Amino acid sequence: WVEIPIDLALAVGIICLWKWTGTTPGKRLFSLEIVDARSGGAPTWGQLIRRYVGYLFAAFPIPFRMATLWNPELPQTPIVGVLFEKWYYMFLLGVGFFWILIDPKNRGWHDLMSGTVTIVRTKKGETQ
């Protein structure tokens, strides 16, 4: 229970950073910016919240989480032990991020869920 406020503060901080700057420090290093996929403008708060939740699904897809966390046959072990109890579920880790290699617009599950896209800013206001 101690970690929940820390996790919520981290989520709020990242979402606010996206909203106010359109990027994160890592994205800024590579001149990347998050924009609305339809208008090219700033994403809404709702889109950014869905994007954050999408990161969780992209990293740990629903089938992986359901099979490892809510399987009554698995022993009650710490979370790391539960996550890797079935080794073959590890192949699903990050599948939502690898989707970027398949998608024609290079969007991951978090972008598809939120209707956002990451673009390269070459100069102020100019996209590539």
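## Getting to know this chain

Of the 128 residues in the protein chain, 30% count as buried. Keep in mind that this is a predicted model.

Student: Let's start with the layout. In what order do the elements of the protein chain run from the N terminus on?

Tutor: The protein chain has seven helices and three strands. Reading from the N terminus on, their order is α-α-β-α-α-α-α-α-β-β.

Student: And how much area does the protein chain expose?

Tutor: Carbon and sulfur atoms supply 68% of the exposed area. The total for the protein chain is about 8800 Å².

Student: Among contacts between residues at least 6 apart in sequence, what share joins residues at least 24 apart?

Tutor: Here we look at contacts in the protein chain and leave out pairs that are less than 6 apart in sequence. Of the contacts that remain, the share joining residues at least 24 apart is 56%.

Student: Now the inside. Which element gives the most to the largest nonpolar core?

Tutor: That core has six residues: Ala11, Ile15, Trp18, Ile34, Leu48 and Tyr52. Helix H1 (3-21) and H3 each supply at least two of them. The top contributor, with three residues, is H1.

Student: Trp18 is in that list. Is Trp18 buried or exposed?

Tutor: The cut-off for buried is under 20% relative accessible area. Trp18 has 3% relative accessibility, so Trp18 counts as buried.

Student: What kind of aromatic pair do Trp18 and Tyr55 form?

Tutor: A pair of aromatic rings is described by the distance of the centres and the angle of the planes. For Trp18 and Tyr55, the centres are 5.6 Å apart and the planes are at 35 degrees. The two residues belong to distant parts of the chain, with Trp18 in helix H1 and Tyr55 in helix H3, 37 residues apart. The name for this pair is tilted.

Student: What about Tyr55 and Phe97: how far apart are the centres of their rings?

Tutor: The planes of these two rings are at 35 degrees, so this pair is tilted. It links Tyr55 in helix H3 to Phe97 in helix H6 (residues 95-98), 42 residues apart. As for the ring centres of Tyr55 and Phe97, they are separated by 5.7 Å.

Student: Which residues form the aromatic cluster?

Tutor: A search of the whole structure finds four aromatic pairs. One member of the cluster, Phe97, is partly exposed at 30% relative accessible area. The full cluster is Trp18, Tyr52, Tyr55 and Phe97.

Student: Which residue has its charged end over the ring of Trp18?

Tutor: The charged end in question is 5.2 Å from the centre of the Trp18 ring. Its owner is buried, with a relative accessible area of 0%. The residue is Arg51.

Student: With which residue does Arg51 meet in a salt bridge?

Tutor: Side chains of opposite charge can pair when their charged atoms come close. In this salt bridge, the N to O distance is 2.2 Å. Arg51 lies in helix H3 (residues 45-59) and its partner in helix H7 (residues 109-114), so the pair ties together parts that are 60 residues apart in sequence. The partner is Asp111.

Student: How many salt bridges does a search of the whole structure find?

Tutor: Besides the pair of Asp111 and Arg51, Arg121 forms a salt bridge with Glu33, with the closest N and O atoms 2.4 Å apart. That one links strand E2 (residues 116-123), home of Arg121, to strand E1 (residues 32-36), home of Glu33, 88 residues apart. The number found is two.

Student: Which residues does Thr24 touch, not counting residues up to four places away in sequence?

Tutor: Thr24 lies in the loop between H1 and helix H2 (25-29). At 18% relative accessibility, Thr24 counts as buried. The residues Thr24 touches are Leu17 and Trp18.

Student: One last loop. What is the phi of Ser31?

Tutor: Most residues other than glycine have a negative phi, and most peptide bonds are trans. Ser31, in the loop between H2 and E1, has a positive phi although it is a residue other than glycine. The phi of Ser31 is near 60 degrees.

Note on methods. Residues numbered from 1 in each chain as written. Predicted model: local features only at pLDDT ≥ 70, side-chain atom pairs only at ≥ 80, totals over all residues. Heavy atoms only, no water. Salt bridge = Lys/Arg side-chain N within 4 Å of Asp/Glu carboxyl O. Helix = DSSP H or I, 4+ residues; strand = E, 2+ residues; numbered from the N terminus. Buried < 20%, exposed > 50% of the residue type's maximum accessible area, 1.4 Å probe, protein only. Core = buried A, V, L, I, M, F, W, Y, C linked by side-chain atoms within 4.5 Å. Phe/Tyr/Trp six-rings, centres within 6.5 Å; stacked < 30°, edge-to-face > 60°. Lys NZ or Arg CZ within 6 Å of the ring centre and 35° of its normal. Contact = heavy atoms within 4.5 Å. Areas by Shrake-Rupley, 256 points an atom, 1.4 Å probe, with all protein chains shown as cover.
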